[in-house]
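User: I am new to reading protein models and would like to go through this one step by step. Could we begin with the charged side chains and then move on to the rest?

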Amino acid sequence: MLLALLLAVLPGCARVLDPGPAPTHLLLAPAMPGPDAGGAVHLQLAISLPETSRMLDTDRIVLVLGGENGREVRYYAGAKWTSPAPRLVQRLLVEAFERAGRLDGAAEESAGIYPDYRLMTDLRRFNTRMAEGAAPLVEVELALRLVDLKTGRIVAFTSIGRDCPAAGSALPQVAEAFETAMGDVLARATSWSLEAMATPRS
């Protein structure tokens with residue numbers, strides 16, 4: 001009797017326990033800034049984990065429906081970034097400063113270095129936006145605040161963004177548009193930060 005019950009229940013259990021297909025993980029690999037033509041800046045920079053909204057604090061790929069004034073938020077089914085978006089952006093910023101090659105050092109804030117400056121960021125946009133019948137538009141925007149740790153004062157702040165239309169709605173096309181937008185934001189963010197740090201401290 002017990003065996004008969006188990007045989008009747010097990011197929012149902014298998015369906016419940018089946019996690020389904022694994023999600024596709026997208027690796028974001030934008031073009032990095034080349035060696036910066038300016039002179040060496042003998043300072044160290046710590047890069048904080050970006051602050052962001054609950055909508056963007058995820059490894060899922062955000063899609064805002066409704067075009068320019070859209071408010072409906074969804075996520076791409078079956079696809080994720082390799083890390084939550086704030087962590088992903090922080091790592092890309094560290095790599096961009098390393099590739100620029102002008103600082104004595106740049107690292108994530110948690111690395112335990114003794115920095116001269118801290119770069120604080122707000123990840124304001126890191127999403128696709130789509131109107132009915134149109135291809136997705138990728139939006140990336142960072143607000144940057146550079147803090148002199150000698151004085152504790154914010155010495156410079158700005159906002160850098162880039163919108164980039166995807167060639168189509170397929171994930172590879174969306175990822176390519178993210179890489180174009182992110183590469184431009186990284187280049188401008190490093191250039192702006194290095195110029196601000198090269199200014200003699202008061």
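User: Which residue forms a salt bridge with Glu-109?

Analyst: This is a predicted model, and every value discussed here is computed from it. Glu-109 counts as partly exposed, because its relative accessibility is 36%, and its partner is likewise partly exposed, at 26% relative accessibility. The closest N and O atoms of the two side chains are 2.4 Å apart, and a salt bridge is counted within 4 Å, so the partner of Glu-109 is Arg-118.

User: How many residues apart in sequence are Asp-163 and Arg-125?

Analyst: The side chains of Asp-163 and Arg-125 meet in a salt bridge, with 3.1 Å from N to O. Asp-163 lies in strand β9 (residues 153-165), whereas Arg-125 lies in strand β7, so the bridge ties together two parts of the chain. Asp-163 is partly exposed with a relative accessible area of 37%, and Arg-125 is partly exposed with 21%. The separation of the pair in sequence is 38 residues.

User: Which residues are linked with Arg-125 and Asp-163 in a network of salt bridges?

Analyst: The count of salt bridges comes to eleven, and some of them share residues in a network. Besides Arg-125 and Asp-163, the network holds Arg-129, Glu-139 and Glu-141.

User: Is Glu-108, which forms a salt bridge with Arg-87, buried or exposed?

Analyst: In this salt bridge the closest N and O atoms are 3.4 Å apart, and the pair links strand β6 (residues 103-108), which holds Glu-108, to helix α2, which holds Arg-87, 21 residues away. Arg-87 is partly exposed, with a relative accessible area of 29%. Glu-108 has a relative accessibility of 18%, and because the limit for this class is under 20%, Glu-108 counts as buried.

User: What distance separates the end C-alpha atoms of helix α2?

Analyst: Helix α2 covers residues 85-100, which makes 16 residues. The expected span is 1.5 Å times one less than the number of residues, so a span of 22 Å should result. The model agrees with this expectation, since the end C-alpha atoms of α2 are apart by 23 Å.

User: Why is the pair of Trp-81 and Phe-126 called tilted?

Analyst: A pair of aromatic rings is described by the distance of the centres and the angle of the planes. For Trp-81 and Phe-126, the centres are 5.7 Å apart and the planes stand at 55 degrees. Planes under 30 degrees apart count as stacked and those over 60 as edge-to-face, so the angle of this pair makes it tilted.

User: Which residue forms an edge-to-face pair with Trp-81?

Analyst: The two rings lie 4.9 Å apart from centre to centre, with 85 degrees between their planes. The pair links distant parts of the chain, with Trp-81 in strand β5 and its partner in helix α3 (residues 171-198), 97 residues apart. Both residues are buried, and together with Phe-126 they form one aromatic cluster. The partner of Trp-81 in the edge-to-face pair is Phe-178.

User: How many residues does α3 give to the largest nonpolar core?

Analyst: In soluble globular proteins, nonpolar side chains tend to be buried together. The largest nonpolar core here has 51 residues, and those with the most contacts inside it are Leu-45, Leu-103, Phe-126, Phe-178 and Met-197. The largest share of this core comes from α3, with twelve residues.

Terms used. Residues numbered from 1 in each chain as written. Predicted model: local features only at pLDDT ≥ 70, side-chain atom pairs only at ≥ 80, totals over all residues. Heavy atoms only, no water. Phe/Tyr/Trp six-rings, centres within 6.5 Å; stacked < 30°, edge-to-face > 60°. Helix = DSSP H or I, 4+ residues; strand = E, 2+ residues; numbered from the N terminus. Buried < 20%, exposed > 50% of the residue type's maximum accessible area, 1.4 Å probe, protein only. Core = buried A, V, L, I, M, F, W, Y, C linked by side-chain atoms within 4.5 Å.
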